[in-house]
Amino acid sequence: MVEQTITLPQHKSRLSVAALWSGFLNHKWFILAVAVLLAFGAWQSVRMILGPAVVVDEARRGRLVETVVASGHVETPYRVEIGSQITGTVQEVLVQEGEKVSKGQPLISLESRELNAAVVQAHGAVAQAEARIRQLEELTLPSAREALTQANATLRNAQQTYDRTAQLEHNGYATRASLDDAQKTLDVASAVKRSAEFQVYTASPGGSDYVMAQTQANQARANLDTAESRLGYATIAAPRDGVLITRSVERGTVVQPGKALLVLAPVGDAQLVLQIDERNLGKIALGQKALASADAYPDRRFAAAITYINPGVDISRASVEVKLTVADAPDYLRQDMTVSVDIEVAAHDDALILPLRSVHDVLSGNPWVLGVKDGRAAQRPVKIGLHGNSQIEIADGLAAGDVAIPQSSGVLTGQRVRPVRQ
């Protein structure tokens with residue numbers, strides 16, 4: 001018997017091994033795919049049975065502050081309009097808009113040559129009137145007194161002559177004509193004395209000449225004061241410390257009384273002017289504290305307090321004007337800046353707080369939340385208290401630790417859910 005050995009080609013053996021390995025790999029990926037599908041199906045089954053996972057808000061106790069939020073602008077309690085008291089031409093404007101000024105600081109100068117000339121003339125009139133008074137005191141009155149002394153002496157001599165002549169005429173030693181001459185001399189001396197007395201009186205303080213001279217001097221001084229005042233009006237100065245917020249004048253402008261050239265915001269308390277929705281009128285009151293921030297500096301907040309509530313309502317905007325005083329205004333605060341203000345109207349230290357996003361129908365009379373009961377979403381009516389910016393007080397209907405589903409979750413009432421606390 002002859003034995004035959006059959007030898008297979010080597011390349012065919014290698015091909016068979018590769019085919020077996022490829023089949024094994026395909027079988028492995030198939031098994032993995034089946035496992036993944038089974039796991040996904042199990043997860044979907046659990047999800048369908050237990051519901052989707054939903055992040056919920058938990059009611060917690062804490063401090064809640066209710067605020068009324070409004071926007072407005074910065075304004076000083078009052079503004080000072082600065083103008084000219086005389087008609088004139090602006091020679092120089094010495095300040096710029098937005099510049100801080102001090103009381104008495106020159107702001108505007110007017111052309112003053114004519115005013116200076118008027119002052120010089122007034123000084124001359126005063127000097128002339130005062131010289132007239134000195135003339136009365138130093139010359140006229142002493143001369144009048146001297147004349148009166150002489151008149152008195154003349155009158156005494158005339159009186160003695162008349163007396164002697166009258167005695168001689170009585171005794172027959174003098175004629176009647178001599179007595180008449182003595183009488184005339186006496187009468188003239190008396191008249192001269194009366195005239196001298198009048199001159200002394202009129203030149204003395206209280207006399208007509210002296211009063212007239214004094215009146216002229218007073219008028220001249222008044223005219224001088226007027227001229228100096230008008231000259232002073234040529235330099236317009238700051239009435240008090242402040243910041244110039246408006247400038248409407250330039251060099252060469254002809255100005256007249258009554259026209260505002262500059263507007264000054266005095267240094268002191270700043271004021272915030274707001275328009276509050278009339279629905280919040282019952283919540284605000286004088287003295288309430290607030291925190292404000294300028295829109296230009298939102299990270300910097302400063303304190304303010306309500307000091308004025310307009311008694312009327314703006315019907316066109318359904319709002320009420322409210323003013324707050326800033327006692328310690330920050331340096332960066334500027335006139336007419338836009339500000340945002342949070343007015344604290346109420347606060348509870350131990351309030352049951354829930355995020356506002358989880359409360360439905362807040363503005364209605366029947367607010368409610370979507371809670372979780374037996375694994376399903378369920379409506380729960382609640383009563384609300386204070387309103388915060390992003391939180392609200394639950395006065396009744398929930399207890400601390402209870403959860404509520406946010407409105408943005410899309411969960412419907414009765415749907416199965418798996419609550420996930422934050």
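**Close-up views of the predicted model**

**View 1. Strand β3 and its partner β10.** Strand β3 (residues 80-83) has two faces: Val80 and Ile82 sit on the covered one, while Glu81 and Gly83 sit on the uncovered one. Strands here are DSSP E runs of at least two residues and helices are H or I runs of at least four, both numbered from the N terminus. This is a predicted model, with local features needing pLDDT of at least 70 and side-chain atom pairs counting only at pLDDT 80 or more, while totals for chains, interfaces and linings use all residues. Residues are numbered from 1 along each chain as its sequence is written, and side-chain values use heavy atoms, leaving out hydrogens and water. Next door to look at is β10 (residues 260-266), which runs antiparallel to β3 and is joined to it by 4 bridges. Two strands count as paired if DSSP finds at least two bridges between them. To pick out one such link, find Val80, whose bridge partner in β10 is Leu264.

**View 2. Gln85, in the loop between β3 and β4.** Gln85 has a relative accessible area of 53%, so it counts as exposed. The scale runs from buried (under 20% relative accessible area) through partly exposed to exposed (over 50%), using a 1.4 Å probe and protein chains only. Leaving aside residues up to four places away in sequence, Gln85 touches Tyr233 and Pro257; a contact means heavy atoms within 4.5 Å. The C-alpha atoms of Gln85 and Val255 are 9.1 Å apart, although 170 residues separate the two along the chain.

**View 3. The open sheet β7-β6-β4-β9.** This sheet has 4 strands with antiparallel pairing. Its edge strands, each pairing on one side only, are β7 (235-237) and β9 (254-255). Strand β4 (residues 88-93) runs antiparallel to β9, with 2 bridges between them. Thr89 has Val254 as its bridge partner in β9.

**View 4. Glu393, a buried acid on strand β20 (residues 391-396).** What is the nearest side chain of opposite charge to Glu393? That would be Arg61, 6.5 Å away, and Glu393 has no salt bridge. Such a bridge would need a side-chain nitrogen of Lys or Arg within 4 Å of a carboxyl oxygen of Asp or Glu. For charge, Lys and Arg count as positive and Asp and Glu as negative, with His and the chain ends not counted. Glu393 does make a side-chain polar contact of 3.0 Å with His348. A polar contact is a pair of N or O atoms within 3.5 Å; within protein, one must be able to donate a hydrogen and the other to accept it, and residues adjacent in sequence count only if both atoms are side-chain atoms. Beyond residues up to four places away in sequence, Glu393 also touches others, including Leu64, Ala351, Leu352 and Lys383.

**View 5. Asp336 and Asp361, two loop residues with positive phi.** Most residues other than glycine have a negative phi. Asp336, with a phi of about 70°, is in the loop between β14 (319-326) and β15 (338-355). Its relative accessibility is 46%, so Asp336 counts as partly exposed. Asp361 has a phi of about 55° and belongs to the loop between β16 (359-360) and β17 (368-373). At 43% relative accessibility, Asp361 counts as partly exposed.
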